[in-house]
Structures are given as C-alpha cells and as structure tokens.
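Here is a short briefing to read alongside the structure. Keep the viewer open and follow the residues as they come up.

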Amino acid sequence: MRKALVGLRVAMAATAALLALPARSAEPPFVVVLVVDTSGSVGAPELQRARRLADELLDGLPAGSEIAVFRFDDQAKLILPRTSRKQDVRRVLARLAPAGKKTALNDALYDGSTYVRAAPGGRGALVLITDGIDEDSAVDLDDGLRVAEGAQIPVYTIGVGSVQEKRLRRIAKLTGGEYAPISRARGAALAQRIASRAASPATADAGGSPAAAPPPSASAAPAATPAAQPTRAPGPAAVATMRPRWPWLALGGLAIVGVIAAVLAARRGREARCPECGRALPHPFSACAFCAADADGNEGRTLKGGDLSDTVMTRLNTTEEYLEKTITLRDRPILSVTRGMGMGRVFELNQDTSTSLGRARANDIVLEDVAVSSEHCRIRLEDGRFVMHDLKSTNGTFVNDKRVSRHALQDGDVIQVGETWLTYKREQSRA
C-alpha cells in the first residue's frame, strides 16, 4: 500500500508540473507549394528570375512553414516533399533547367492542390510560376480549380515568358489568390500575403481575392506605421484564461489511473504464484500452465521440464517476443506485365504524382514495344482511386478489352497498351 501512495504522489507532482507548462499550439504547419514551369517555352533566363523570386519568398515566410516543390513540363513531378529546411528548397531550385517538349499546367495545378489538401490540417497556398500554356494534360483546368476552391487553397500565379495572362488571372481569381507578372512580383510582399493567410485561416475569403493586404506585385513603399502605443501586460487572470488547461488535467488524470493500475497489477502478480514452480499466474484461481497444481497447492500431475519437448518450451518462453515483433503491412498499388516485352516485371504506382507509360525514356514506366506511343498514357491518384488517362495514343489504351480515354482502375483490371498487357493490383507488403 505504501508503494501505491508513493506512486500517487509522483503522479500528482507530474500533473502539477504539466499544468505549469505554457500551452502549446497543436495546429499543423502551413504548407506552401512552389509549382515551377520548366518547359522549353519558359527558357533559362526566366527560370533564373523565378529562382530569385522564390529565394525572397523563402526568407519572408513565417517560422514553421513547410515548403514543397513541383516542376512540370511534359508531366508534373513532385521533386521535394514538404520540408521546413529552406536550404533543401534552394538546393532543389538551383538544379531546375528547361526540359521536355510540352507543358502539363493543368496536371501541375491538380497535383499541387491535391498535395496541400492531403497535408495534415489541409492548410496551405500554391505559388504557380508559368507562362500559362497547357499542352497534353491528363485533366482539365477545372479539375484543379475544383480541388483548390473546395479546400480553400489560394493560388498565387506569377507570369513568365510569353504569358497567357487571362488564364492565370482566372486561376488566381477563382481560388482567392492574386496574379502578377514576374517583372513586378516581389517575393517579400508575396510572403506577407501568404503569412496573413497562415495567421488567420478562419477569416480567409475563399470566394475571391482578398482586399485587405497588398498584392504580391506591389512595388510601392509600405505605408507609414503609426507610433507604437504603450500596452499593458496581461495580468495573471488573463494568462490563466488564455492557457487551455483541460488537456493537461486529462493527461494528469490518466497518469494517476495508470499508476494505480500498475500498482494493483504488481500486487496481484505477487499474490498469484504457483506454489509448485513459483511462476506467476494470471489469476489466483488459475491453473499453472507448467504443472497441474493450482495456487492453493492442490496436487495433480506435475509437468516437469523434461516432460516438455524443446519446441514447446521454446514457444512458451518466446510468446512475448513474437507479440512485440508483429509486422505492419502497407497497401502497395502495382502494375505487373503479364504479356509482351518485359513479362514478369512489376512497377509500383506513385501516390504523390502521376505515373507515365510509354516508349520514350522520359516516362516513369518505359515499355520496349514498337506499338506503344512515346507518351502513351498516364495514371494518377484522384480522390483515393487510381485513374488511367489515354494521351491520344496512336493505337489507343484498352482496359479489360474495352478502349478507354479515362478509366478508374479496380483491382484485377487488365490494361493493354500496344502489344503489352499489364495487370493492376493492390497488394500488401511489409512497411
């Protein structure tokens, strides 16, 4: 009983210490996704200007913000998952170079918006740096706009090169963001606009461009600020009101209950032991697994160590070890080649960005099949399901012997591209 009282005192002291700690916000970080056009129509000089703008933006973002980077040309690619390490962002941006022959703008907007929506808390913004041209995307512009509007993700569009200004203004207007050409965009002002969103997400206007703060294109000097007024520090009562204590009270209560349960369990363990072999019993009236005597000493057939095989003894002694090593399985979407060149190969589908199939080396899945187009089809995750999009291929894309332009895949579907057959599966693998 003395140990139980000591445990209670320790738990109460720990609860008091927790209550003395300042309240911490559990709000997920604000995510800023940089979506940069690296197609040939943009060019190296414009990419260099985009890097400078992004560099200024990084310096002005609120502490704790997370940044992710997408680049897009023939297809959209996540090249840096969200991170708070600004040096990693700068390193990735420094490696960007013009590539590809087309511009998958719609895919990039859709993938970037989906990425923010899937982040913890779903709070964030997109900075889309592009000329506004779209070529050969698997989705329509409205698909990406629908995701951004529904999740209240503002898209700040920055025009570079020969800009399709009307399209970029429409994207910004419908999502509550703003548009500016790269010549007038300022990274510090853009960071200020994003910071206002991060600080007050509840008051953000998802239906149009906010009017309270200056746009990212503003180059005028900031207005003079009024002289600082002396403020009165909040008293102890106000501080107590500002600090939510109920989570710490709940935690302290759980700690006390846990200590009591542990002490009682330890006492039961000491009282319920087999008088024959001394091993612990789960209950005072339980029969011992090693001998046929109960806790009261009633005689029965005693099983000595020599009566049990080595296999049984090993299993009895390692039950807890097996329980501790339970393997976690994860869902793994794959395509396996069941007919044609490369039969037997298995490819895992990307759950962050699209997976492209074709004969060209730039594809994620390269098929050595002369009947397959250079960029034949694309598979992307849309609302929890993988969807196949045909990219106007010469010989078409077939699913279960039916020609499709778009198809939501189900487990066991057989995809035919050229003379190659692939089966879509969702298998379980070790995490």
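Leu53 counts as buried, because its relative accessibility is 6%. Its place is in helix H2, and this briefing starts there before moving outwards. Please keep in mind that the model is predicted.

**Leu53 and its surroundings**
- Leaving aside residues up to four places away in sequence, Leu53 touches Ile129, Ile158, Ile182, Ala185, Arg186 and Gly187.
- One of these contacts spans a long stretch of chain: Leu53 and Ile182 are 129 residues apart in sequence, yet 8.1 Å apart in space, C-alpha to C-alpha.

**The nonpolar cores**
- The largest nonpolar core has 32 residues, and the members touching the most other members are Leu34, Leu57, Leu61, Val89, Leu93, Val127 and Ile194.
- At least two residues of this core come from each of strand S1 (31–37), helix H2 (44–60), S2, helix H3 (86–94), strand S4 (124–130), strand S5 (155–159) and helix H7 (187–199).
- H2 supplies the largest share of this core, 6 residues.
- Leu57 touches Leu34, Val127, Gly187, Leu190, Ala191 and Ile194, again not counting residues up to four places away in sequence.
- A second, separate core holds 26 residues, among them Phe72, Tyr115, Ala119 and Ala172.

**Strand S1 and its partners**
- S1 is largely enclosed by the rest of the structure, because 7 of its 7 residues are buried.
- Both of its faces are covered: Val31, Val33, Val35 and Asp37 are buried on one side, and Val32, Leu34 and Val36 are buried on the other.
- S1 runs parallel to S2, with 7 bridges joining the two strands; here Val33 stands opposite Ala68.
- S1 also runs parallel to S4, through 6 bridges, and the bridge partner of Val32 in S4 is Ala125.

**Another sheet to look for**
- Five strands form an open sheet in the order S10-S9-S11-S12-S15, and the pairing is mixed.
- Its edge strands are strand S10 (365–366) and strand S15 (406–408), each of which pairs on one side only.
- Strand S12 (residues 385–390) and S15 run antiparallel and are joined by 3 bridges.
- Within that pair, Met388 has His407 in S15 as its bridge partner.

**Asp74, a buried charge**
- Asp74 is found in the loop between strand S2 (66–72) and strand S3 (76–83).
- Which side chain of opposite charge is nearest to Asp74? That is Lys102, 6.8 Å away, and Asp74 is buried yet has no salt bridge.
- A polar atom of the Asp74 side chain does lie 2.9 Å from the backbone nitrogen of Lys101.
- The residues that Asp74 touches are Gly100, Lys101, Lys102, Ala104, Glu375 and Arg378, not counting those up to four places away in sequence.

**Salt bridges**
- A search of the whole structure finds 22 salt bridges.
- Arg71 and Asp73 meet through their side chains in one of them, at 3.0 Å from N to O. Arg71 is partly exposed, with a relative accessible area of 24%, whereas Asp73 is buried, with a relative accessible area of 6%.
- Asp143 forms a salt bridge with Arg146, and the closest N and O atoms are 3.2 Å apart. These two residues are separated by about one helical turn, because they are 3 residues apart in helix H5 (residues 141–150).
- Asp143 counts as partly exposed at 24% relative accessibility, while Arg146 is exposed, with a relative accessible area of 52%.
- Arg332 forms a salt bridge with Glu427, where the closest N and O atoms are 2.4 Å apart. Arg332 lies in strand S7 (residues 329–339) and Glu427 in strand S17 (residues 420–430), so the pair ties together parts that are 95 residues apart in sequence.
- Glu427 counts as partly exposed, at 30% relative accessibility.
- Asp107, Asp111, Arg378, Arg380, Glu382 and Arg406 are joined into one network by salt bridges that share partners.

**The protein as a whole**
- The protein has 11 helices and 17 strands.
- Of its 431 residues, 41% are buried.
- Among contacts with a separation of 6 or more, 62% are between residues 24 or more positions apart.

Note on methods
Residues are numbered from 1 along each chain as its sequence is written. This is a predicted model: local features need pLDDT of at least 70, side-chain atom pairs count only at pLDDT 80 or more; totals for chains, interfaces and linings use all residues. Side-chain values use heavy atoms; hydrogens and water are left out. Helices (H or I, at least four residues) and strands (E, at least two) are DSSP runs, numbered from the N terminus. Buried means under 20% relative accessible area, exposed over 50%, partly exposed in between (1.4 Å probe, protein chains only). Lys and Arg count as positive and Asp and Glu as negative; His and the chain ends are not counted. A salt bridge is a side-chain nitrogen of Lys or Arg within 4 Å of a carboxyl oxygen of Asp or Glu. A polar contact is a pair of N or O atoms within 3.5 Å; within protein, one must be able to donate a hydrogen and the other to accept it, and residues adjacent in sequence count only if both atoms are side-chain atoms. Contact means heavy atoms within 4.5 Å. Two strands pair if DSSP finds at least two bridges between them. A nonpolar core is a set of buried Ala, Val, Leu, Ile, Met, Phe, Trp, Tyr and Cys residues joined through side-chain atoms within 4.5 Å.
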